[in-house]
Amino acid sequence: LRVLWYCYELSRNQWLKPAELKKLQEKRLKAILRHAYENVPLYHEKFDSVGIKPTDIRTVEDLSKLPFTAKQEVWNGMPDQSIAKGYNINECVKISTSGTTGGPMPIYYDKRFWDYFVATHYHRMIRAMGFSPWDKTVKISYRMPGAGERSYELKRKSRGRQAFGPAFSLLRGRYKHVYISHGADEILPDIIKYQPKIIESNPSYLRLVAEAMADKGIEKIHPKALETSTEVLDEPTRRFLESSFKCKVFDHYATWDTGLIAWECSRREGYHIDADLCIVEIVRNGEPVEPHERGEIVVTSLLSYAMPVIRYRVGDLGILDDEQCSCGRSFLLLKSVEGRIVDCLSPPDGRIVSPKTIMTVVQGTPGVSRYQVVQESRNKVTIELMRGKNDPEVSIDELTARCREVLGEDVEIEVFLGDRK
């Protein structure tokens, strides 16, 4: 079974010596660049536009000679300019991006890349957290009220069968998908009955579940870990979730455009970048930044052959670390994922305030639960606090003072209260 071999390969790669890992990375980089140039018109034109041939890129550092790729370029070229020759999109795994920037874009994974994606998530990452692929897991997602459950379940199960083949039957009964349509109350009975060891969702849905548990006095949900993704995880939210569920939170960073990018191991000292599967750059104004400096995340996928992504601007901000994790893995660390570029605040002094920065400030104010921050203009920010009847009081003065520390004294901050439904 190919996916099982990938599980073994991926487990081995994370312990390679740095020189061995870089050799593997550059071998795969040369292969994907050659493939993209010869088979994807979009990249053939981009390479030619700067007078670069694939043979000119010999090292990871040489990658900076190539131009960046924007989502809109890939989308506009779909399918003739963006899909590699020889790949039938009807035989690929089709996924859509979340649509947070410009609407949902179809993404096509060739079967080999999808197998690597599955093996990375359900084996290497889960093992690195200190758990097993066989541990019972609940995944919490959103479903529009009235949407049919069967279509959701068939799509998920067909992808699982496609990746694991006969091994899929071994996971049956170990993974349950539940959906929030109206509120977290509706899924609590399923979670209590299933008693998962891991609960997987985004931080917002997990907060909803935690609040519903507190409102109803439920103490029958005892996971060993929470697995979060798709949203920025600020430290106040991490602490709240760990206090509510009485277990550790493990975050990972992925986009549908590029696949899994980085994840936290059991030490939680940063996000291990999947260096055997992708190359991550952090840039500002087109130039690389130093470790510990915030910049735009740019990703090159090394094994996505049906729909290559090379120097792809994912639209997020991040910070690289120059330290290695004490676990001993040779993967470089992504120190922090700071959020979407389009969600940044821009005060009058010209600074960029990342979503994670403002979230940490607001969420860290005692009593704050659900809220919405809107920048009305460079000089004005409004914060709506959604309040439940049993929520503790929030000091508006303290919240305003905390926000001024990061936004500056020249920004008017208006806080008002709204009802939490």
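# Exercises on helix packing and backbone geometry

At 9% relative accessibility, Arg207 counts as buried. The structure examined in these exercises is a predicted model.

## Exercise 1

Determine where Arg207 lies and which residues it touches outside its own sequence neighbourhood.

**Solution.** Begin with the location: Arg207 belongs to helix α9. Next, apply the burial criterion. A residue is buried when its relative accessible area is under 20%, so the 9% of Arg207 places this residue in the buried class. Finally, list the contacts. With residues up to four places away in sequence excluded, Arg207 touches Thr237, Phe240, Leu241, Gln363, Val368 and Ser369.

## Exercise 2

Classify the packing of α9 against α10 by angle and handedness, and describe the residues that form the contact.

**Solution.** Take the geometry first. Helix α9 spans residues 203-216 and helix α10 spans residues 235-245; they pack at about 40°, and their axes are 10 Å apart. This angle makes α9 oblique to α10. The crossing of the two helices is left-handed.

Then turn to the residues involved. From α9 come Pro203, Leu206, Arg207, Val209, Ala210, Glu211 and Met213, while α10 supplies Thr237, Phe240, Leu241, Ser244 and Phe245. Sorted by class, the contact of α9 with α10 comprises eight nonpolar, two polar and two charged residues.

## Exercise 3

Carry out the corresponding analysis for α1 and α5.

**Solution.** Helix α1 (residues 2-13) and helix α5 (residues 111-129) pack at about 60°, with their axes 9 Å apart. The arrangement of α1 relative to α5 is therefore oblique. The crossing of α1 and α5 is right-handed.

On the α1 side, the contact involves Arg2, Val3, Tyr6, Cys7, Glu9, Leu10, Ser11 and Asn13. These meet Lys111, Arg112, Asp115, Tyr116, Ala119, Thr120, His123 and Arg124 of α5. The class division for the contact of α1 with α5 is six nonpolar, four polar and six charged residues.

## Exercise 4

Establish how the buried residues of α3 are distributed around the helix, and identify what covers them.

**Solution.** Start with the buried set: in α3 (residues 41-49), Leu42, Tyr43, Lys46 and Phe47 are buried. Viewed down the axis of α3, these buried residues fall within an arc of 125°, so they line one face of the helix. The general periodicity is relevant here: an α-helix has 3.6 residues a turn, so residues three or four places apart point the same way.

Now consider the face turned away from the buried side of α3, which carries the exposed residues Glu45 and Ser49. The cover over the buried residues of α3 includes α2 (18-39) and α4 (71-76). To complete the description, Gly51, just after α3, takes a positive phi of about 65°.

## Exercise 5

Locate Gln195, Asn285 and the Met78 to Pro79 peptide bond, and describe the backbone geometry at each site.

**Solution.** Consider Gln195 first. Although not a glycine, Gln195 has a positive phi of about 50°. Gln195 sits in the loop between α8 (188-194) and β5 (198-201), and its relative accessible area of 36% makes it partly exposed.

Proceed to Asn285, also a residue other than glycine, whose phi is positive and near 55°. The loop between β10 (278-284) and β11 (287-288) contains Asn285. With a relative accessible area of 77%, Asn285 is exposed.

Last, examine the peptide bond from Met78 to Pro79: this bond is cis, with omega near -5°. Pro79 lies in the loop between α4 and β1 (93-96).

Methods: Residues numbered from 1 in each chain as written. Predicted model: local features only at pLDDT ≥ 70, side-chain atom pairs only at ≥ 80, totals over all residues. Heavy atoms only, no water. Axes fitted to C-alpha atoms, helices over the stretch in contact; angles between N-to-C directions. Helix = DSSP H or I, 4+ residues; strand = E, 2+ residues; numbered from the N terminus. Parallel < 35°, antiparallel > 145°, perpendicular 65-115°, else oblique. Left-handed = near helix turned anticlockwise from the far one by under 90°. Contact = heavy atoms within 4.5 Å. Nonpolar A, V, L, I, M, F, W, Y, C, P; charged D, E, K, R; others polar. Buried < 20%, exposed > 50% of the residue type's maximum accessible area, 1.4 Å probe, protein only. Arc of directions from axis to C-beta.
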